[in-house]
Amino acid sequence: MQTDLSKLQQFKRRVGLSHAQLGIPPDYGQSCGLTLCPEPEELVDTELDFYQRPQKLVAAALRSWSSMRAAAADDEVSLFLISAFRSVEYQHELIAAKLEKGQLIEQILRVNAAPGFSEHHSGRALDLGTSGCDALVEEFENTIAFQWLMENSAAYHFYLSYPRKHASGMDYEPWHWCFQQG
Ligand SMILES: [Zn+2]
């Protein structure tokens, strides 16, 4: 039986290895303004996302997302999943692919959290879309869906993680919402 501490240490080791391979500065954890987001023990399957891919969330986040989506639908507002849980390895591959295309790590880290620091690791973060708007674009903020979320999401414990001028220096992400209970 492993202790929680050794699991956290293992997680940190995986993250450190990934950062070294990607050329992420060793002080990233101190300077990024983001917190480490360990992966949960248990995840459950959600509905298929917009691209018909399977997705996972922690159970409480899924229950709340399902209620929120249904309430939005009652108000004739469409909301759908674009992305939910992502592993450290997934985040690593995402960044490695961008490096391979010639992007600089500094550029990439403005739009992608480093492996270990993405809220998507927690199984509580959602990227949301709505009909009539491209996926993951800033124009999402001009949709009725975004307005609905700003007015109603707190009742379902979902919050906008990266508002304009976020302390981390991450770009504004009106589509990214995280479940924070208690
Ligand atoms: Zn996101």
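In the predicted model, His157 is placed in the loop between H6 and E5. The phi angle of His157 is near 65°, a positive value in a residue other than glycine. With a relative accessible area of 28%, His157 is partly exposed, because this value falls between the limits of 20% for buried and 50% for exposed residues.

Ser153 also has its place in the loop between helix H6 (144–152) and strand E5 (158–160). At 4% relative accessibility, Ser153 counts as buried. The side chain of Ser153 reaches back to the backbone oxygen of Leu149, at 2.8 Å. When neighbours within four places in sequence are left aside, the residues in contact with Ser153 are Met68, Trp148, Phe158 and Trp177. In helix H6 itself, Gln147 is found; with a relative accessible area of 48%, Gln147 is partly exposed. Gln147 and Lys56 are 91 residues apart along the chain, and their C-alpha atoms are separated by 26 Å.

A second residue with a positive phi is Leu136, for which the angle is about 55° although Leu136 is not a glycine. Leu136 lies in the loop between strand E4 (125–129) and H6. The relative accessible area of Leu136 is 39%, and Leu136 is therefore classed as partly exposed.

The metal site was examined next. The zinc ion is coordinated by three residues, through NE2 of His120, OD of Asp127 and ND1 of His176, at 2.0 to 2.1 Å. Along the sequence, the donor residues follow the spacing H-x6-D-x48-H. Two of these donors can be described further by their accessibility. His120 has a relative accessibility of 2% and so counts as buried. Asp127 is likewise buried, with a relative accessible area of 3%. Both values lie under the 20% limit for a buried residue.

Asp127 and Leu136 also appear in the description of the largest pocket. The space in this pocket amounts to about 450 Å³. The lining of the largest pocket consists of 26 residues, of which Arg86, Val111, Asn112, Asp127 and Leu136 are the closest to the pocket centre. Elements that give two or more residues to this lining are strand E3 (80–83), helix H4 (88–100) and helix H5 (105–111). Helix H4 gives the most, with 4 residues. By residue type, the lining of the largest pocket divides into 12 nonpolar, 6 polar and 8 charged residues. Asp127 thus has two roles in this account, since Asp127 is a donor to the zinc ion and is listed with the lining residues closest to the centre of the largest pocket, while being buried at 3% relative accessible area. Leu136 shares the place in that list, but is partly exposed at 39%.

Helix H4 further contains Glu100. The relative accessible area of Glu100 is 72%, and Glu100 is exposed because this value is over 50%. Glu100 and Tyr90 are 10 residues apart along the chain, with 15 Å between their C-alpha atoms.

Ala114 lies in the loop between H5 and E4. Its relative accessibility is 0%, so Ala114 counts as buried. With neighbours within four places in sequence set aside, Ala114 is in contact with His19, Ile24, Tyr28, Gln91, Ile95, Leu109 and His121. The C-alpha atoms of Ala114 and Ala71 are separated by 34 Å, and the two residues are 43 residues apart along the chain.

Towards the start of the chain, Lys12 has its place in helix H1 (residues 4–22). At 47% relative accessibility, Lys12 counts as partly exposed. Lys12 and Pro38 are 26 residues apart in sequence, and their C-alpha atoms are 8.6 Å apart in space.

Conventions
Residues are numbered from 1 along each chain as its sequence is written. This is a predicted model: local features need pLDDT of at least 70, side-chain atom pairs count only at pLDDT 80 or more; totals for chains, interfaces and linings use all residues. Side-chain values use heavy atoms; hydrogens and water are left out. Donors are N, O and S atoms within 2.8 Å of the metal (3.2 Å for Na, K and Ca); water is not among the atoms, so sites may look incomplete. Buried means under 20% relative accessible area, exposed over 50%, partly exposed in between (1.4 Å probe, protein chains only). A polar contact is a pair of N or O atoms within 3.5 Å; within protein, one must be able to donate a hydrogen and the other to accept it, and residues adjacent in sequence count only if both atoms are side-chain atoms. Contact means heavy atoms within 4.5 Å. On a 1 Å grid over the protein atoms alone, a cavity is a set of points where a 1.4 Å probe fits but cannot get out, and a pocket is an open set with protein on both sides within 12 Å along at least five of seven lines; lining residues have an atom within 4 Å of a point. Grid points are joined across faces, edges and corners, and a volume is the space filled by probe spheres set on the points. Ala, Val, Leu, Ile, Met, Phe, Trp, Tyr, Cys and Pro count as nonpolar, Asp, Glu, Lys and Arg as charged, and the others, Gly among them, as polar.
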